[in-house]
Amino acid sequence: MSETDPGFIAAVEEARQGFSEGGVPIGACLVSKDGKILGRGHNMRVQKGSATLHGEISALENSGRLPASAYAGATMYTTLSPCDMCTGACVMYKVARVVIGENKTFVGGEEYLKKRGIEVVVFENQECMGLMKKFIEEKPRVWYVETLPPTLPLSLPPVLIPAYVLLESSSPPLTCLQCSNNGIHRNEDIGED
Ligand SMILES: [Zn+2]
């Protein structure tokens, strides 16, 4: 596995595409055991107002409905460590390997993948990290919404995150990704999307 694999190059291209569309710049590509690209895609949550279209899910979706045998020995390339949902999808379809561009921005279900017998390879790809860094700097509020703990409501009030939300979700305490403070932040403190 290397950063010059066609599947990885495709995943990074997808992440770039996502960035250019104003979305979360995470791309993925599913490659069969014999090296054929089955499908590729990028996170479309912002673009489509989607609940589920993360990069890996987009790649699976764009691969179409395949027989279970198509996933045997397959590799899922993704530019960022996969979240619980995408980890679950990789486990469910029984891909053989998940190759990750970077896990500095976010660490997902890597340990669970390994427990389920899936090989995990992590690069420290500078472009993947750079895209996420630029995205979070430019649109902190969009990323903030992506990473809210599940106990928080999905629809944030327009101006203020109310105190009760913070109190009810105190484990772990809500930490502002921008300033590392716990507490209430006006939206202007964390930027506009
Ligand atoms: Zn995901």
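**Notebook: core, zinc site and charged pairs**

**Entry 1. The core.** I started with the largest nonpolar core, which has 22 residues. Leu30, Leu60, Met76, Val98 and Leu113 have the most contacts inside it. I then looked up which elements give two or more residues to this core, and found β1 (27-31), α3, α4 and β4 (97-100). Helix α4 gives the most, with four residues. I note here that the model is predicted. As background, nonpolar side chains in soluble globular proteins tend to be buried together.

**Entry 2. Leucine 30.** I picked leucine 30 from the core and listed what it touches, leaving out residues up to four places away in sequence. The list includes Ala59, Leu60 and Ser63. Also on it are Lys36, Ile37, Leu38 and Gly39, and further along the chain Tyr71, Ala74, Thr75, Met76 and Val95. Two of these partners, Leu60 and Met76, I had already written down among the core residues with the most contacts.

**Entry 3. The zinc ion.** Which protein atoms are the donors of the zinc ion? I found ND1 of His54, SG of Cys83 and SG of Cys86, lying 2.0 to 2.3 Å from the ion. Along the chain these donors follow the spacing H-x28-C-x2-C. Histidine 54 sits in the loop between α2 (45-48) and α3 (55-63), while cysteine 86 is in helix α4 (residues 84-92). The two are 32 residues apart, so I noted them as a link between distant parts of the chain. Is histidine 54 buried or exposed? Its relative accessibility is 18%, so histidine 54 counts as buried. Cysteine 86 has 0% and counts as buried too.

**Entry 4. Salt bridges.** I counted eight salt bridges. In one of them, the side chains of glutamate 14 and arginine 40 meet at 2.8 Å, N to O. Glutamate 14 lies in helix α1 (residues 6-20) and arginine 40 in strand β2 (residues 37-42), so this pair ties together parts that are 26 residues apart in sequence. Glutamate 14 counts as buried because its relative accessibility is 12%, under the 20% limit. Arginine 40, at 29%, counts as partly exposed.

Next I looked at arginine 45, which forms a salt bridge with glutamate 146; their closest N and O atoms are 2.8 Å apart. Arginine 45 is in helix α2 and glutamate 146 in helix α7 (residues 140-146), 101 residues apart. Glutamate 146 is partly exposed, with a relative accessible area of 23%.

The pair of glutamate 111 and lysine 114 has its salt bridge at 3.2 Å, N to O. These residues are three apart in helix α5, so about one helical turn separates them. Glutamate 111 is exposed at 54%, and lysine 114 is partly exposed at 43%. I also noted that salt bridges with shared partners join Glu13, Glu14 and Arg40 into one network.

**Entry 5. Glutamate 110.** Last, I looked up glutamate 110, in helix α5 (residues 110-115). Glutamate 110 is buried yet has no salt bridge. Where is the nearest side chain of opposite charge? That is lysine 114, 5.2 Å away. A salt bridge needs the nitrogen and oxygen within 4 Å, so this pair does not count as one. What glutamate 110 does have is a side-chain polar contact with the side chain of serine 81, at 2.5 Å. Not counting residues up to four places away in sequence, glutamate 110 touches Ser81, Ile100, Asn103, Val120 and Val122.

Definitions and conventions. Residues are numbered from 1 along each chain as its sequence is written. This is a predicted model: local features need pLDDT of at least 70, side-chain atom pairs count only at pLDDT 80 or more; totals for chains, interfaces and linings use all residues. Side-chain values use heavy atoms; hydrogens and water are left out. Buried means under 20% relative accessible area, exposed over 50%, partly exposed in between (1.4 Å probe, protein chains only). Lys and Arg count as positive and Asp and Glu as negative; His and the chain ends are not counted. A polar contact is a pair of N or O atoms within 3.5 Å; within protein, one must be able to donate a hydrogen and the other to accept it, and residues adjacent in sequence count only if both atoms are side-chain atoms. Contact means heavy atoms within 4.5 Å. Donors are N, O and S atoms within 2.8 Å of the metal (3.2 Å for Na, K and Ca); water is not among the atoms, so sites may look incomplete. A nonpolar core is a set of buried Ala, Val, Leu, Ile, Met, Phe, Trp, Tyr and Cys residues joined through side-chain atoms within 4.5 Å.
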